[in-house]
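Hi,

Here is the structure I promised to send over. Have a look at it first, and then read on for what turned up.

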Amino acid sequence: GEQADTDVQEIISKLVKQWQDALTDFQKANREDLIKETKQKIQLLQQYLPQQLSDQELTKIIKEVIKTSDQTQAGPIIGQVMAKVKGQADGSRVAKLVKQSLS
């Protein structure tokens, strides 16, 4: 069902995040061999994730949520936005943009 899909997406999303963190380390260490391999893994995993929203699209959703919500705290707004984007943006990106939109 849908819940299983969401769980799978969360797991893949976490994996992508881990590989992206690893990629940053490999780039710092100039490990070309590992960089190439890791980029391929990330691309492969991202095929299983919903199409990611652009910052522009995401900001639009965030502004809608802020406008229609009586919340002024970032936390609850991030929660509402995450529920709307359903895996189309990762939490750290949403958090960053919500904080920008609130300030």
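How are helix 3 and helix 4 oriented to each other, and why? Keep in mind that this is a predicted model. The axes of helix 3 (residues 55–68) and helix 4 (residues 74–85) cross at roughly 125 degrees and come within 10 Å. Angles over 145 degrees would count as roughly antiparallel and those from 65 to 115 as roughly perpendicular, with the rest (unless under 35) being oblique. Helix 3 and helix 4 are therefore oblique to each other.

The crossing of helix 3 past helix 4 is right-handed. On the helix 3 side, the contact uses Leu58, Ile61, Ile62, Val65 and Ile66, and these meet Ile77, Gln80, Val81, Lys84 and Val85 of helix 4. Sorted by class, that contact has eight nonpolar residues, one polar and one charged.

Now for the other partner of interest, helix 5 (residues 91–102). Helix 3 packs with helix 5 at an angle of about 60 degrees, and their axes are 10 Å apart. Helix 3 and helix 5 are therefore oblique to each other, and helix 3 passes helix 5 in a right-handed crossing. Here helix 3 brings Asp55, Leu58, Thr59, Ile62, Lys63 and Ile66, while helix 5 brings Arg93, Val94, Leu97, Val98, Ser101 and Leu102. By class, the contact of helix 3 with helix 5 has seven nonpolar, two polar and three charged residues.

One thing to look for on screen: Leu58, Ile62 and Ile66 of helix 3 take part in the contact with helix 4 and also in the contact with helix 5.

Cheers

Technical notes: Residues are numbered from 1 along each chain as its sequence is written. This is a predicted model: local features need pLDDT of at least 70, side-chain atom pairs count only at pLDDT 80 or more; totals for chains, interfaces and linings use all residues. Side-chain values use heavy atoms; hydrogens and water are left out. Axes are lines fitted to C-alpha atoms, for helices over the stretch in contact, and angles run from 0 to 180 degrees between N-to-C directions. Helices (H or I, at least four residues) and strands (E, at least two) are DSSP runs, numbered from the N terminus. A crossing is left-handed if the near helix is turned anticlockwise from the far one by less than a right angle, and right-handed if clockwise. Contact means heavy atoms within 4.5 Å. Ala, Val, Leu, Ile, Met, Phe, Trp, Tyr, Cys and Pro count as nonpolar, Asp, Glu, Lys and Arg as charged, and the others, Gly among them, as polar.
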